[in-house]
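Work through the exercises below with the coordinates open. Try each task before reading its solution.

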Amino acid sequence: MLSQFESWQLALAIIAMAVLTYSTRALPFLLMKKSKWLGRMGSGKLAILGPALLASTTVVILYSETLKAYKEQDLLPYILAVVSVLIVLKLSKNIGLAMLVSLVVYGLGLNFL
């Protein structure tokens with residue numbers, strides 16, 4: 001059981017991580033709105049860089065995690081999670097909701113399958 005001091009430290013660490021994570025996600029958008037030079041990076045030939053980076057990261061993660069799940073024989077929950085992302089994304093067009101549902105599906109799959 002955590003002492004009162006340790007629980008405050010944990011709460012402060014979580015708040016600090018949340019603020020830093022939000023700042024690193026929001027800062028580029030704020031800078032692009034205020035700077036004409038940075039705003040131009042999102043158009044023209046450089047516009048493909050963002051989606052290409054996301055797609056390549058997704059492929060690498062899916063490939064490595066699928067291999068790991070296959071070796072540990074946990075492939076079914078992983079496949080169900082990926083399928084749930086695709087279905088929820090197709091129905092709702094909301095990536096946040098799709099990720100949330102897939103996490104729940106994956107967690108339930110690990111516990112009950």
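**Exercise 1.** Which residue follows α4, and what is the sign of its phi?

Solution. The model is predicted. Go to the end of helix α4, which covers residues 75-92. Lys93 follows α4. The phi of Lys93 is positive, near 60°.

**Exercise 2.** Compare the span of α4 with the expected span.

Solution. Count the residues: α4 has 18. Take 1.5 Å a residue, which gives an expected 26 Å. From first C-alpha to last, α4 reaches 26 Å, close to that expectation.

**Exercise 3.** Find the buried and exposed residues of α4, and explain how the buried ones are arranged.

Solution. Apply the buried cut-off, under 20% relative accessible area. Pro77, Tyr78, Ala81, Ser84, Val85 and Val88 are buried in α4. Seen down the helix axis, these buried residues fall within an arc of 120°, so they line one face of α4. The general rule: an α-helix has 3.6 residues a turn, so residues three or four places apart point the same way. Now turn to the other side of α4: Leu86, Lys90 and Leu91 are exposed there.

**Exercise 4.** Is Leu100 buried or exposed, and which surface patch includes Leu100?

Solution. Locate Leu100 in helix α5, residues 95-112. Its relative accessibility is 51%; the cut-off is over 50%, so Leu100 counts as exposed. Leu100 joins Leu97, Val104, Leu108 and Phe112 in a nonpolar surface patch. Together they have about 510 Å² of accessible area.

**Exercise 5.** Summarise the whole chain: how many helices and strands are there, and what percentage of residues is buried?

Solution. The chain has five helices and zero strands. Of its 113 residues, 10% count as buried. The chain exposes about 9700 Å², with 74% supplied by carbon and sulfur atoms.

Note on methods: Residues are numbered from 1 along each chain as its sequence is written. This is a predicted model: local features need pLDDT of at least 70, side-chain atom pairs count only at pLDDT 80 or more; totals for chains, interfaces and linings use all residues. Side-chain values use heavy atoms; hydrogens and water are left out. Patches are made of residues with over 30% relative accessible area and no salt bridge: like charges are joined within 9 Å, nonpolar side chains (Val, Leu, Ile, Met, Phe, Trp, Tyr) within 5 Å. Accessible areas come from the Shrake-Rupley method with a 1.4 Å probe; for residues, only the protein chains shown count as cover. A salt bridge is a side-chain nitrogen of Lys or Arg within 4 Å of a carboxyl oxygen of Asp or Glu. Helices (H or I, at least four residues) and strands (E, at least two) are DSSP runs, numbered from the N terminus. Buried means under 20% relative accessible area, exposed over 50%, partly exposed in between (1.4 Å probe, protein chains only). The expected span of a helix is 1.5 Å times one less than its number of residues. The arc is that of the directions from the helix axis to the C-beta atoms.
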